[in-house]
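Below are my notes on the model you sent. Please read them with the structure open.

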Amino acid sequence: MADLMPQFVVNWVNWGMGVFYSLPEWVQYLTITTWKILFVLIAVILIVAFSTYFERKVIGSMQARVGPNRVGPLGLGQPFADVIKLLIKEVVVPAKSSRFLFVIAPLLSLIPALATWAVIPLNDWYVIADINAGLLYVLALTSVGVYGVILAGWATNSKYALLGAMRSAAQIVAYEIAMGFALVGVLMAGGSLNLGEIVRAQEGGFSQWFLLPLFPLFVVYWVSGVAETNRAPFDVAEGESEIVAGFHVEYSGVAFAIFFLAEYANMVLISTLTAIFFLGGWASPFEGLAFLAPLAGIPVIGLLVTGGLHWLFIKMCIFMYTFFWFRATFPRYRYDQIMRLGWKVFIPVTIVWIAVEGVMAWFQVGPWAGLGG
């Protein structure tokens with residue numbers, strides 16, 4: 001039976017592939033796309049779940065505490081315990097709230113964070129929708145998320161929630177402009193709105209990444225991303241010491257869980273986009289080193305030389321760690337300090353560096369080296 005099993009499996013797979021390729025092309029496309037969506041969706045949700053665990057562990061380590069260690073081995077079951085707790089809690093809808101908007105607001109925060117993954121290339125061949133205007137798609141959807149925050153603050157008919165929503169709206173508008181200008185610089189360097197082409201423009205090792213020639217834009221984009229997700233030290237929208245819990249103060253149970261999920265999903269998204277725009281995405285930093293080229297064919301070790309999903313995941317984890325690091329390190333900024341940083345520092349810096357990029361492109365320096373005049 002053991003000898004027959006491998007051949008049986010091969011025959012079964014061949015039969016299944018034959019049936020699949022006999023289907024109409026639109027059915028094949030729909031099936032493949034559905035599986036791609038499910039893989040990305042499940043992966044993002046699992047990363048979000050365990051991000052809460054690692055955040056507690058990182059902050060606990062920085063503050064000389066243990067962190068989660070009771071639920072499951074090493075406390076790894078804590079995210080699932082949190083989910084069960086939130087699912088069984090009652091969702092209380094305020095009596096004088098706008099019920100429809102109250103219910104739909106959390107979804108308006110979560111859906112754009114998940115839908116943006118449709119155009120994000122995980123490696124050189126795995127992307128759900130490889131569209132040419134992927135960068136515009138990302139900008140459009142990341143801008144929609146603010147509506148969920150504003151509606152949550154307004155629909156609850158609570159002054160504290162409304163104050164948090166207005167703070168968040170002003171903050172997001174300020175930093176969204178800076179992020180947009182930073183991406184104009186990425187567009188100039190990459191020469192395409194397609195995220196896959198932007199990554200391919202950075203292949204060839206660390207020296208080809210946009211991190212070096214666009215370093216000021218990298219700083220602006222990353223810090224603006226932290227502000228966009230309302231994370232510390234930019235969490236004035238959720239200033240517990242001033243407005244209880246901000247725009248979601250009236251939410252509980254599953255409704256609060258969706259806001260919670262949206263915040264961490266946006267953290268994962270911003271971390272991944274930063275890696276794609278400035279750190280070469282799936283590209284390996286060692287690709288340009290000729291003396292390491294023979295290692296490419298060696299199992300496991302070869303992964304260091306060749307690009308792939310593992311490199312994108314490593315870079316994303318580094319940025320996720322900085323989210324936790326910031327929360328454990330910096331105090332919350334005042335509202336006027338946040339507005340001043342966004343309007344008077346970041347936006348001028350991006351405009352100036354875009355002009356510098358124009359000069360670099362004219363003299364064919366950095367990403368433009370070797371291009372015809």
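The points below take up the packing first and the backbone after that.

1. Status of the model. This is a predicted model, and the points that follow should be read as descriptions of that prediction.

2. Main core. The largest nonpolar core has 65 residues, and Leu195, Tyr221, Phe277 and Phe278 touch the most other members. Two or more residues each come from helix 2 (25-62), helix 5 (134-155), helix 6, helix 7 (195-200), helix 8, helix 10 (253-278), helix 12 (309-329) and helix 13. Helix 10 gives the largest share, eleven residues.

3. Phe277. Which residues is Phe277 in contact with, leaving aside its neighbours within four places in sequence? They are Leu135, Leu183, Val186, Leu195, Ile198, Gln202, Phe210 and Tyr221. Apart from the main core lies another core, of twelve residues, including Ala165, Tyr251, Ala255 and Phe259.

4. Aromatic residues. The whole structure contains 24 aromatic pairs. One of them joins Trp222 and Phe319 in a tilted arrangement, with 4.8 Å centre to centre and 50° between the planes. Trp222 belongs to helix 8 and Phe319 to helix 12, so that the pair links parts of the chain 97 residues apart. Both partners are buried: the relative accessible area is 7% for Trp222 and 6% for Phe319. Through ring pairs, these two residues join a cluster with Phe215, Phe218, Tyr221, Phe277, Phe278 and Phe323.

5. Charges over rings. Two cases can be checked by eye. Lys36 lies over the face of Tyr126, 5.7 Å from the ring centre. Arg231 places its charged end over the ring of Tyr264, at 5.5 Å from the centre.

6. Helix 13. This helix covers residues 335-362, 28 in number, and reaches 40 Å from its first C-alpha to its last, close to the 40 Å expected. Helix 13 nevertheless bends by about 30° at Leu341. Its buried residues are Ile338, Met339, Gly342, Phe346, Ile347, Thr350, Ile354, Glu357 and Met360. Note that Glu357 and Thr350 are on that list. The cover over these buried residues includes helix 6 (159-190) and helix 8 (215-228).

7. Gln78. Is Gln78, in helix 3 (residues 78-88), buried or exposed? Gln78 counts as buried because its relative accessible area is 16%, under the 20% limit. Not counting residues up to four places away in sequence, Gln78 touches Arg56, Pro68 and Val71.

8. Backbone points to inspect. Most residues other than glycine have a negative phi, and most peptide bonds are trans. Three places depart from this pattern.

   - The peptide bond from Ala232 to Pro233 is cis, with omega near 5°. Pro233 is in the loop between helix 8 and helix 9 (240-243).
   - Leu74, although not a glycine, has a positive phi of about 60°. Leu74 sits in the loop between helix 2 and helix 3 and counts as exposed, at 66% relative accessibility.
   - Gln364 is not a glycine either, yet has a positive phi of about 55°. Gln364 lies in the segment after helix 13 and counts as partly exposed, at 29% relative accessibility.

Definitions and conventions
Residues are numbered from 1 along each chain as its sequence is written. This is a predicted model: local features need pLDDT of at least 70, side-chain atom pairs count only at pLDDT 80 or more; totals for chains, interfaces and linings use all residues. Side-chain values use heavy atoms; hydrogens and water are left out. Helices (H or I, at least four residues) and strands (E, at least two) are DSSP runs, numbered from the N terminus. The expected span of a helix is 1.5 Å times one less than its number of residues. The bend at a residue is the angle between axes fitted to the seven residues ending there and the seven starting there. Buried means under 20% relative accessible area, exposed over 50%, partly exposed in between (1.4 Å probe, protein chains only). Contact means heavy atoms within 4.5 Å. A nonpolar core is a set of buried Ala, Val, Leu, Ile, Met, Phe, Trp, Tyr and Cys residues joined through side-chain atoms within 4.5 Å. Rings of Phe, Tyr and Trp (its six-membered ring) pair if their centres lie within 6.5 Å; planes under 30 degrees apart count as stacked, over 60 as edge-to-face and the rest as tilted. A charge sits over a ring if NZ of Lys or CZ of Arg is within 6 Å of the ring centre and within 35 degrees of the ring normal.
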